[in-house]
Amino acid sequence: IPTWVANDAEASGTVINKALHITTTDSISLYAANYRLHAFDVTNVLPTPLLGSDYIVQTHTDKSEFSVIATEDSTTITINLSANTPTYTANTPFTITLNKGQCYQLQSGIGVDYSGTTISANDNKKIAVFAGNRCASIPHVCCCDHLVEQMMPISLWGNEFIVTPTMLRTNDRVRITAMNDGCMLRKNGVLLTTLSARQIFEFEITDTTSAVYIETSEPAGVFLYFTSSVYGGGYGDPSMVVINPIDQKINDVTFTTFNIPTSDYKHFVNIVTNTDNVSNMKLNDTAISSYFDLVPAKPEYSYARIEINHGIHKLSNIHSVEDNGFIAH
């Protein structure tokens, strides 16, 4: 897609006609990547039937941004920012109106985090929301990178998650956003804190950490963040990944990796499944049970981290039964 189509910085705070509507004659997996030299991130793109009308945004500190896309005409959208901007005040809702295919993007200044911002469409009209950062350092050491993920509607948030540490990395960060007040957050069975609605909690996992079991008393959104290269062991730079609740397991998926000619990329897939389902898991029609370890705080689940080649891959659960399946990123 040519760069002039991009929803760029000059468009912040304005309504523009730059959405792309993609239709196919068969089921597909769709991804969107934003690349420039030394800054690269990718997001899954949700099919329209999975979109919702209510979202809570997750970004990170510094130069955060989000973009809203309407799927129907006359969609009135209420935005309640979690941080001040030169134009808008935090916790003072304002509205915009979009027609089908129109976008509204808002970018922050240095040191501002839009995490916890709420975005809601009228009359249950479906909207798509993307969020991230122009270039975030996590933490504030070299180097920064572009972050982007499509936000999950809060109707798809959950209460149980398993987060797997990233291979070849010394440090990752995990961020949890609460939907409602009184959200008790437990990590491996230990109460960490109680969150208010829209509040964020962040903790770190390291390369010596086994998979982490997260449980919340109220629905929550969970994101995994790669850290900056200097902080994270020298490989890669910041990126963000939505972690699906473990009740959203599927039985098969075809996915692809991205490769940039100017970089030496390594590719991995992290998988979580029921422990009694490990023998049914295949990657490209090859059994992968030997890669799995138990999740210490939730032994009825197991996880695997597998290095893969650049290209198209298929994960499958060959004997699907109720409540089995897997989640993966």
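So, where is the place of Pro139? The answer is the loop between β10, residues 127-136, and β11, residues 145-150. Keep that loop in mind, since I'll come back to it. One thing up front: what you have on screen is a predicted model.

Let's start with the whole chain. We have 1 helix and 26 strands. The radius of gyration is 19 Å, close to the 20 Å that the globule rule gives for 329 residues, so the chain is as compact as a globular protein of that length. If you lay the C-alpha trace along its principal axes, you get a span of about 55 × 45 × 40 Å. Buried residues account for 47% of the 329.

Now contacts. Take the ones between residues at least 6 apart in sequence: 74% of those join residues at least 24 apart. As for the outside, the accessible surface is about 15400 Å², and carbon and sulfur atoms hold 50% of that. On charge, I get 19 positive side chains and 32 negative ones, with the centres of the two sets 3 Å apart.

Okay, back to that loop between β10 and β11. Pro139 sits there, and the peptide bond leading into Pro139 from Ile138 is cis, with omega near -10°. A bit further along, the bond from Cys142 to Cys143 is cis too, with omega near 10°. Cys143 lies in the loop between β10 and β11 as well. For context, most peptide bonds are trans.

Next, backbone angles. Most residues other than glycine have a negative phi. Which way does Lys63 go, positive or negative? Lys63 has a positive phi, about 50°, and it's not a glycine. You'll find Lys63 in the loop between β4 (54-56) and β5 (64-70). Its relative accessibility is 29%, so Lys63 counts as partly exposed. Asn284 is another one, with a positive phi near 55°. Asn284 sits in the loop between β21 (281-283) and β22 (286-287). With a relative accessible area of 35%, Asn284 is partly exposed.

On to the rings. How many aromatic pairs are there? The count comes to 4. One to click on is Phe66 with Tyr114, which is edge-to-face: 5.4 Å centre to centre, with 65° between the planes. Phe66 is in strand β5 and Tyr114 is in the loop between β8 (103-107) and β9 (118-121), so this pair ties together parts that are 48 residues apart in sequence.

Are those two buried or exposed? Buried means under 20% relative accessible area. Phe66 comes in at 1%, so Phe66 is buried. Tyr114 is at 0%, so Tyr114 is buried too. While you're looking at rings, have a look at Tyr31, Phe40 and Phe258, which ring pairs link into a cluster.

Last stop is Pro86. This proline is found in the loop between β6 (75-80) and β7 (94-98). The exposed cut-off is over 50%, and Pro86 has a relative accessible area of 91%, so Pro86 counts as exposed. If you want a distance to try on screen, go from Pro86 to Lys266: 41 Å, C-alpha to C-alpha, with their positions 180 residues apart in sequence.

That's my tour, so over to you.

How values were computed
Residues are numbered from 1 along each chain as its sequence is written. This is a predicted model: local features need pLDDT of at least 70, side-chain atom pairs count only at pLDDT 80 or more; totals for chains, interfaces and linings use all residues. Side-chain values use heavy atoms; hydrogens and water are left out. Helices (H or I, at least four residues) and strands (E, at least two) are DSSP runs, numbered from the N terminus. Buried means under 20% relative accessible area, exposed over 50%, partly exposed in between (1.4 Å probe, protein chains only). Rings of Phe, Tyr and Trp (its six-membered ring) pair if their centres lie within 6.5 Å; planes under 30 degrees apart count as stacked, over 60 as edge-to-face and the rest as tilted. The radius of gyration is taken over C-alpha atoms; the globule rule is 2.2 Å times the number of residues to the power 0.38. Contact means heavy atoms within 4.5 Å. Accessible areas come from the Shrake-Rupley method with a 1.4 Å probe; for residues, only the protein chains shown count as cover. Lys and Arg count as positive and Asp and Glu as negative; His and the chain ends are not counted. The place of a charge is taken as NZ of Lys, CZ of Arg, CG of Asp or CD of Glu.
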